Every structure is written in structure tokens, then in C-alpha cells.
Amino acid sequence: MLIAGNWKMFRGPDPAALAGLDAVICPPFTRLHDCVDAGLTTFAQNVHWEPEGAYTGEVSAPLLLEVGVVGVLVGHSERRQYFCETDETVARRTRAALDAGLRVIACVGETHEQRERDETEDVLRRQLAVLEPHPDLVLAYEPVWAIGTGLTATPELAQEAHAFIKSLLDAPVLYGGSVKPDNAAALLAQPDVDGALVGGASLDVDSFQAICETAARIPS
Ligand code: PEP
């Protein structure tokens, strides 16, 4: 059971307050060093596919490894939606990170419109087609309509999507989309839900701790 906290572009809590927690933390770049220093399992929120070069504003796997980062989040829907991330760039970032020895959480998921049009499976099939199984690759199913909206997939809906994803690619699958202390237990109890990617609730130490404690109680 893996719990990951995505701080997005928020400063986030004091990393020292999270010390000892069995979780992955994905802070903004400027806080990576503080999180590593506090002994947290620290992932960056993006990575470029080239090891170095004239790519202003990007960061590479070797640069992240140098500060003690152990993994990266790739293909978050906010990057797909606002920063022209495509399945092809997700694939390139994922491959480069894994080749460099970083762990990867790669995000997939459909928008509200795609679900309404009954296109969820097609979207997941397309997003997953560019990825290959790897021991250090974890997927996150994040229905876009549930991210930061307070809407959560029902445990049954999450289970159905996770089972479909696993039928296409053999990897653990986290659920993401408004996971909170009060809905975590039901979601994490689903047989194909292998953990959670938590956005908003990871910014609050008590909420995040409560989700981690819930996860620790679920038999693996
Ligand atoms: C996320 O940022 O990946 C996320 C799932 O956010 P939230 O938990 O706020 O919906």
C-alpha cells in the first residue's frame, strides 16, 4: 500500500512534521532539498527526458538524483491540461526517469466529458499504450473530474477502472481524486487499489497522517 502526497504548487507543511511517515512526498522543486533533508521519500513533480541541455525551466533526472530525489510524478492531469503534456511526452519522461534509476508514478484518467461519452476505457487504453511494465513504475488512476473538486469516484467505480488498467499493464495502481480521511478506508479496501495519490489533503499534516494510518491498517 503506497500513499503519495502531491503538494502541487503550494509550499506545503514543514517536512519535519512528516518525518517517520511511510509515504512519498512530491513537493514543489524549491522544497525538494528540505524534504530530502528531513528523511522523506521525495519525488519531484516533473522530469525532462534529456540528461542536460538548453531546456530553460526544465529539470533532468541526473539533477534530481544529485539532491537525493528518488522518484518523479509524471503525466499529472494538470500538466496534460495546462502545459501541453501528451502521451508521447509522458512516455519520454517515464522512460528517461526509469533508465536513470528514479521511481515513477505515472498518472492516467479520463475527463468528465470523456466519461459521459463512455470513452473511459478508450482513453485509458491510449494513455497506457505508451508505457511498459517496469519494477519501479507505479500508475495512478486519477479521474480528472475528481481532482481537487471534492467529487470522489465511488469505491466500485475506482475498482472497475483499476482492474481494467491492470488488464492492460502489470503495475500497482494508486487511486487519486479528492481522497480524504473519511473516504480513504473504503477506496483503499478495494482489491485492485494499491494506494492513493493525495493532493489537497496532503497539505494538512493531520489529514495526511490519518490517510497513512488508514492505509497501514489495510491488509496487503
Ligand atoms: C492530485 O493532485 O493528484 C489530486 C488527486 O488532488 P486532490 O486529492 O486534491 O483531488
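How much area does the protein chain expose, and what share of it do carbon and sulfur atoms supply? The exposed area comes to about 10,300 Å², and carbon and sulfur atoms supply 51% of that. Keep in mind that this is a predicted model.

## Overall build

Let's start with the whole chain. The protein chain is built from nine helices and eight strands. Its C-alpha atoms fit a box of roughly 40 × 35 × 30 Å along the principal axes. The radius of gyration is 16 Å, which agrees with the value near 17 Å that a compact globule of 220 residues would have.

Now for what sits inside and what touches what. Of the 220 residues in the protein chain, 52% are buried. Take the contacts between residues at least 6 apart in sequence: 64% of them join residues at least 24 apart.

## Charge count

On the charge side, the protein chain carries 16 positive and 32 negative side chains. If you take the centre of each set, the two centres lie 3 Å apart. As for charged pairs, the structure holds 13 salt bridges.

## Salt bridges around helix H6

Which residues does Arg125 pair with in salt bridges? One partner is Glu121, with an N to O distance of 4.0 Å. Another is Asp122, where the closest N and O atoms are 3.0 Å apart.

Both pairs belong to one helix. Arg125 and Glu121 sit four residues apart in helix H6 (residues 120-129), about one turn of the helix. Asp122 and Arg125 are three residues apart in helix H6, so about one helical turn separates them. As for exposure, Arg125 has 39% relative accessibility, so it counts as partly exposed. Glu121 is partly exposed too, with a relative accessible area of 40%, and Asp122 counts as partly exposed at 47%. Elsewhere, Glu58, Arg79, Glu85 and Arg93 are joined into one network by salt bridges that share partners.

## Asp87 and Arg80

Here's another salt bridge to pull up in your viewer: the side chains of Asp87 and Arg80 meet at 2.8 Å, N to O. Is Asp87 buried or exposed? Asp87 is buried: its relative accessible area is 16%, and the cut-off for buried is under 20%.

## Two positive phi angles

Two residues are worth a look for their backbone angles. Cys84 is not a glycine, yet its phi is positive, at about 60°. Where does Cys84 lie? You'll find Cys84 in the loop between helix H3 (77-82) and helix H4 (87-99). With a relative accessibility of 67%, Cys84 counts as exposed, because the cut-off for exposed is over 50%.

Ser178 also isn't a glycine and has a positive phi, of about 55°. Its place is the loop between strand S7 (173-176) and helix H8 (181-188). So is Ser178 buried or exposed? Ser178 has a relative accessible area of 10%, so it is buried. To put the two side by side: Cys84 is exposed, whereas Ser178 is buried, and each lies in a loop, Cys84 between two helices and Ser178 between a strand and a helix.

Conventions:
Residues are numbered from 1 along each chain as its sequence is written. This is a predicted model: local features need pLDDT of at least 70, side-chain atom pairs count only at pLDDT 80 or more; totals for chains, interfaces and linings use all residues. Side-chain values use heavy atoms; hydrogens and water are left out. Buried means under 20% relative accessible area, exposed over 50%, partly exposed in between (1.4 Å probe, protein chains only). The radius of gyration is taken over C-alpha atoms; the globule rule is 2.2 Å times the number of residues to the power 0.38. Contact means heavy atoms within 4.5 Å. Accessible areas come from the Shrake-Rupley method with a 1.4 Å probe; for residues, only the protein chains shown count as cover. Lys and Arg count as positive and Asp and Glu as negative; His and the chain ends are not counted. The place of a charge is taken as NZ of Lys, CZ of Arg, CG of Asp or CD of Glu.
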